[in-house]
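Biologist: Hi! Could you walk me through this fold while I have it open?

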Amino acid sequence: MSSLMSSVDQRTNIVGQNRLELLIFRLTGQQPYGINVFKVREVIQCPQLTDMPGANAHVRGIAHLRGTPVTVIDLSKATGGKSIEDLSKAYILVTEYNRTTQGFLVGGIDRIVNINWEQILPPPKGAGRSHYLTAVTQLDDKLVQILDVEKVFAEISPPDEEVSETIKQRKSERDLSKLTVLVADDSAVARNQVKRALSSIGINVELVNDGRLALDWLTAKAEEVGGDISDQVPLLISDIEMPEMDGYTLTAEVKAHEHLKNVHIVLHSSLSGVFNEAMVKKVGADQFIAKFHPDELASAVQHWMSID
């Protein structure tokens with residue numbers, strides 16, 4: 001399994017080309033699921049777990065990885081399925097997510113596939129609001145489901161979503177109530193977190209589900225105003241992982257557009273790693289912020305919206 005992940009650090013050349021690599025895994029059956037390789041620090045066969053009294057029912061225990069305790073979440077049970085029973089055949093996806101390290105218990109590992117973001121599609125309509133999918137894709141005539149790990153983690157360990165009074169009381173030279181921030185994120189949990197944080201400081205927020213919809217929204221606004229939209233929409237906050245068009249590609253498209261290039265862009269993602277800082281500069285984004293810290297995000301928004 002170590003050989004499967006050994007070349008992850010060398011895979012960053014696909015970033016910014018609207019491509020990603022998915023680690024395909026299974027839970028309790030044969031249904032394939034996927035997670036972005038860049039979220040996965042390592043994959044290990046499940047070691048002996050230490051019980052964690054009083055923990056959430058979906059937490060299976062603590063794995064001790066080279067002396068570091070890591071909380072292990074049963075991904076099947078957390079998404080409404082059966083608990084993974086045979087730990088001797090199970091694996092742990094050790095992930096860096098939202099500034100923390102945690103493990104997701106899965107039933108089996110398949111392979112890594114290289115795929116274009118345009119092949120990653122939103123979940124089918126009519127699935128309701130309680131599902132755990134952010135996207136789906138077709139692979140070998142099977143539907144691969146990409147799980148909303150942000151929703152899973154938020155339900156088990158809810159983040160602090162309140163902006164501090166210090167940030168709320170900051171004054172701006174611009175009338176922020178007349179401006180709009182566009183937020184692009186495929187996770188409903190993440191979109192609502194950002195909206196609540198920004199609404200608390202008087203910011204008008206528009207929400208879209210992916211990069212393609214964000215670009216369409218911005219270009220439609222440019223046609224409506226007949227030119228540069230930055231006086232009305234000075235800021236775009238974008239996730240990196242999104243169906244159809246990722247945040248890096250979206251940023252490059254915005255910065256290449258005559259009427260959109262003056263819009264400031266903050267990339268806001270649960271993806272960790274030093275490659276993010278390099279990619280921010282490469283595609284022309286203004287800032288990268290790891291999810292989710294309401295004060296840091298709100299402060300950044302106040303900063304970029306105060307710049308003409």
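Modeller: Happy to; we can go through the overall make-up, the sheets, a helix pair and some backbone details.

Modeller: This is a predicted model, where local features need pLDDT of at least 70, side-chain atom pairs count only at pLDDT 80 or more, and totals for chains, interfaces and linings use all residues. Residues are numbered from 1 along each chain as its sequence is written, and side-chain values use heavy atoms, with hydrogens and water left out.

Biologist: Thanks! How many helices and strands does the protein chain have?

Modeller: The protein chain has nine helices and 15 strands. Those are DSSP runs numbered from the N terminus, with helices being H or I over at least four residues and strands E over at least two.

Biologist: And what is the radius of gyration of the chain?

Modeller: The radius of gyration is 20 Å, close to the 19 Å that the globule rule gives for 308 residues, so the chain is as compact as a globular protein of that length. The radius is taken over C-alpha atoms, and the rule is 2.2 Å times the number of residues to the power 0.38. Along its principal axes, the C-alpha trace spans about 60 × 45 × 40 Å.

Biologist: On to sheets. What is the strand order in the parallel one?

Modeller: That open sheet has five strands in the order β12-β11-β13-β14-β15. Two strands pair if DSSP finds at least two bridges between them. β12 (204-208) and β15 are the edges, each with a single partner strand, so one side of each has no neighbour in the sheet. On average, neighbouring strands are turned by 20 degrees against each other, direction ignored.

Biologist: Which residue is the bridge partner of L182 in β12?

Modeller: E206 is the partner of L182. β11 (residues 180-184) pairs with β12 in the parallel sense over five bridges.

Biologist: Which strands of that sheet does α6 touch?

Modeller: α6 packs on β11, β12 and β13 (235-238), and its direction makes about 155 degrees with that of β11. Contact here means heavy atoms within 4.5 Å. Axes are lines fitted to C-alpha atoms, for helices over the stretch in contact, and angles run from 0 to 180 degrees between N-to-C directions.

Biologist: How does α6 sit against α7?

Modeller: Helix α6 (residues 211-225) packs on α7 (residues 247-256) at an angle of about 15 degrees, with the axes 9 Å apart. That makes the two roughly parallel, a label for angles under 35 degrees. The contact is made by G211, A214, L215 and L218 of α6 with L250, E253 and V254 of α7.

Biologist: What about the mixed sheet, which strands are at its edges?

Modeller: The order of this five-stranded open sheet is β3-β6-β7-β5-β4. β3 (40-45) and β4 (59-65) stand at the edges, each with a single partner strand, so one side of each lacks a neighbour in the sheet. β4 runs antiparallel to β5 (residues 68-74), joined by six bridges, and I62 stands opposite T71 in β5. Helix α3 (residues 149-156) packs on this sheet, touching β4, β5, β6 (91-97) and β7 (100-106).

Biologist: Last topic, the backbone. Which peptide bond is cis?

Modeller: The bond from K291 to F292 is cis, with omega near -15 degrees. F292 is in the loop between β15 (287-290) and α9 (294-305).

Biologist: And where is D141?

Modeller: D141 is in the loop between β9 (133-139) and β10 (142-147). Although D141 is not a glycine, its phi is positive, at about 65 degrees. Most residues other than glycine have a negative phi.

Methods. Parallel < 35°, antiparallel > 145°, perpendicular 65-115°, else oblique.
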